[in-house]
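Grab a pencil and have a go at these exercises. Try each task yourself before you read its solution.

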Amino acid sequence: ILFRERSKQYKQTLGLLKVKFCVLKQILFSWFPVLGWLPHYPIREYAVGDVMSGCSVGIMHLPQGMAYALLASLRPVFGLYTSFYPVLVYFIFGTSRHISVGTFAVISIMIGSVTERLAPDSDFIVNGTNGTGSVDIDERDAYRVQIACSLTVLTGIFQILLGVVRFGFVVTYLSEPLVRGYTTGSACHVCVSQLKYLFGVTPARFSGPLSLIYTLVDLCRLLPQTQVPELVVSLVALAVLIVVKELNTYYRKKLPLPIPIELIVIIAATMITHFCGLPDKYDIDVVGEIPSGLKAPRVPDATLFSKVIGDAFAVAIVGYAINISLGKTFALKHGYKVDSNQELVALGLSNTVGGFFQCYSVTSSLSRSLVQESTGGKTQVAGLVSSIIVLITVLKIGSLFEDLPKAVLSTIVFVNLKGMFKQFMDVPMLWRTNKVDLLVWLVTFTSTILFNLDLGLAISIGFSMLTIIFRTQLPRYSILGNVPGTELYLDTNTYQEIPGIKIFRSSTTLCYTNAEMYLEVLQEKSGIEIGKLLTAKRKQDAKQKRKQEKERKKKTSGALANGKLSEETKGQENITVISLKETAVNGFSKGQVNRSYHPDTTMSDSDSDTGCHGNEENEEASGSHTQSIILDLSTTSFVDTVTVKTLKNIFRDFEEVDLSVYLVGCQACIVEQLEKAGFFSESIPKSRLFITVHDAVLHILKKRGEADFVLVSHQVHSFHNDL
């Protein structure tokens, strides 16, 4: 017996250990996705495609890394570092199989705007006074690297924290029109920043709002000083890149790999510049020293965090938005899932670790991701292979590109902006499909152009939030009618409403922001002026009391007069009852009559005439014999205190003038919230709730003795169709 008890305890303990191990394994795989797929990597099926894809993307990393480093106002070698370390980190923590993480034009220009703002050339002038003298390039570049690394680490910290608290849904507030408008505006900033290399001029540096406009004006002023040799180099490189890239696009199905024209142009330009001595003869600006090897990690300057905290958060959000949008696009195409929160953590770790190794912020690139997917890449192994290509370049052959003209790198940037500039085609498409999204796109683009990248992003997000508020504040309200032959109820502009029943629906949720408007439009659409009806009813009740008091006084005046008055009153009551019955027969409804609007039985002849006239006004105010109101709340997703009070007031006021109110389409959570708020009572029973509009309509018609109305209308409709 003791052995059996101990064995049972051992089994229970073993079962608990297995459960804990499974939970620990699941947590470990969620934080380190590489442990989940790498042990099961099918080498025979995926290895060749990943290696070919990795080599292609690695070749693209070299020119783009060096070119985009210029956008960040850093030396080209730091672009190569950025194409190596973050890619390795994403290989371990990322969940997307096809995106290529590394340098990106928009993020690079955002980094460049910060480095130039905090480390302008004017702060590093030596051997001169009154603004004259040379700039200490080495000291300036070293300080800019510190700024970029501090900004990158802080960006990564923001992304990690957001991922840990499961805040991946934050990107949903950046709509697609906003992101595309922002990247298009950023492309314009990138384009203008590279014009100085194409023309070989040095415009003044501007910061703050309208800096892009001021830079363009200054560039136009300096055009007569254009360096013709650099312009020729730029035009030749630009022509070659455009032609070959178009050929790659045209023959993409026939070519096994796209022609690496960017790398070819870089090699050719470097060789021509070096052997022809162009820097000495024509003073062409070249890349300069590119140190070989990797540098030891260094802790970033934490004192700079307070100066770049706003920029870091903007870079974190924009980088993640671009990354997750591309990741989900490829995941949907190839049938796998991308974890949005884990992507935040992976991108944050890539930036944080990269910041310690003198890298700047990264995100995924559309051009490299398309190449990685189209050349057969299946998993993150392609990114690992591409990082090895970059590592070989940094260790062995990086110094060979010291004579590469900066104008050639700027042309590579220009050509890679083609996809962003094609987003201008969103404008006519949005004009045809959605004017509000078009307005978001235009405001985002304009604010990005005029107010720079950081302030422009804040303005565009604020405007996007305002559009959401306006949409909830200005919903579409409609009175519904029955579609003959069905249980559907649509707008009465197309279908006829059921007599005596007003079915009211709002296109958005009912909450405190639109509760007052909801009540106003309900009265307007239904033709029921509740204020006039309540006033008329109260006046009539007051008049009734006065008449009763007058009759009581007359009864005390004498027995004879009282007897005659009683006989006349009975006769008038009989006449009134007959007239009420006639009204019920001749009208549509056979249900209850709203007696509040009929003349008082004790009124004199003159008063009776006045009462009839008031009754006609009341009928107009009550919406032409409307007896029931159905409120369709199927679009309501939550209930606040203002909503509860508004619904209570509707029930109270409409019931006071003998109009029945019903609620339909309430979700279970809405009913629970109404119960907790104390909405239901004797005056508002749960019997006023119905699942569908049709159920409520049938209930009302059955209550009025007209349950066959819908059936008859369906038969008539079918008869007309047969004819």
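**Exercise 1. Spans from a record**

Which residues does UniProt list for "transmembrane region"? Then look at two of those spans in the model, which is a predicted one.

*Solution.* Start with the record: the unreviewed UniProt entry lists residues 21–38, 66–93, 147–169, 231–248, 255–275, 304–326 and 438–470. Next, take residues 21–38, where the end C-alpha atoms sit 20 Å apart. That span is 83% helix and 0% strand. Now do the same for residues 255–275: here the end C-alpha atoms are 33 Å apart, and the span is 71% helix and 0% strand.

**Exercise 2. The whole chain**

Find out how many helices and strands the chain has, and what share of its residues is buried.

*Solution.* Counting elements gives 28 helices and 10 strands. Of the 723 residues, 46% count as buried. Finally, check the contacts: among those with a separation of 6 or more, 81% are between residues 24 or more positions apart.

**Exercise 3. One serine**

Is Ser150 buried or exposed?

*Solution.* First place the residue: Ser150 is part of helix α7. Then look at its relative accessibility, which is 0%. Buried means under 20%, so Ser150 counts as buried. Last, list its neighbours: leaving out residues up to four places away in sequence, Ser150 touches Pro300, Asp301, Leu304 and Phe305.

**Exercise 4. Nonpolar cores**

Work out which members of the largest nonpolar core touch the most other members.

*Solution.* This core has 111 residues, and the ones to pick out are Met110, Ile111, Val318, Tyr360, Leu404, Leu409 and Leu417. Helix α13 (residues 305–334) gives the most to this core, with 14 residues. Now zoom in on Leu409: setting aside residues up to four places away in sequence, it touches Pro63, Met66, Ala67, Leu70, Ile266, Val287 and Leu404. Apart from this core there is another one of 32 residues, including Tyr477, Ile530, Leu631 and Leu647.

**Exercise 5. A covered helix**

Say which residues of helix α15 are buried, and what covers them.

*Solution.* Helix α15 spans residues 366–374, and its buried residues are Arg368, Ser369, Val371, Gln372 and Glu373. Their cover includes α3, β1, α13, β4 and α16. Just after α15 comes Gly376, with a positive phi of about 105°.

**Exercise 6. Empty space**

Describe the second largest pocket and the largest cavity.

*Solution.* Rolling a probe the size of a water molecule over the atoms shows where empty space is left.

- Pocket, step one: the second largest pocket has a volume of about 1400 Å³.
- Step two: 49 residues line this pocket, and Ser73, Glu116, Lys196, Tyr197 and Arg205 lie nearest its centre.
- Step three: α8 gives the most to the pocket lining, with 6 residues.
- Step four: sorted by class, the pocket lining has 18 nonpolar, 15 polar and 16 charged residues.
- Cavity, step one: there are 4 cavities of 30 Å³ or more, and the largest holds about 90 Å³ of space.
- Step two: 13 residues line the largest cavity, and Val87, Tyr90, Ile99, Gln380 and Gly383 are the closest to its centre.
- Step three: α5 and α16 each give two or more residues to the lining of the largest cavity, with α5 giving the most, 3 residues.
- Step four: the lining of the largest cavity splits into 5 nonpolar, 7 polar and 1 charged.

Technical notes. Residues numbered from 1 in each chain as written. Predicted model: local features only at pLDDT ≥ 70, side-chain atom pairs only at ≥ 80, totals over all residues. Heavy atoms only, no water. 1 Å grid on protein atoms, 1.4 Å probe; cavity = no way out; pocket = protein on both sides within 12 Å on 5 of 7 lines; lining within 4 Å. Points joined across faces, edges and corners; volume = space filled by probe spheres on them. Helix = DSSP H or I, 4+ residues; strand = E, 2+ residues; numbered from the N terminus. Nonpolar A, V, L, I, M, F, W, Y, C, P; charged D, E, K, R; others polar. Buried < 20%, exposed > 50% of the residue type's maximum accessible area, 1.4 Å probe, protein only. Contact = heavy atoms within 4.5 Å. Core = buried A, V, L, I, M, F, W, Y, C linked by side-chain atoms within 4.5 Å. UniProt positions renumbered as here; feature names shortened; annotations may be inferred.
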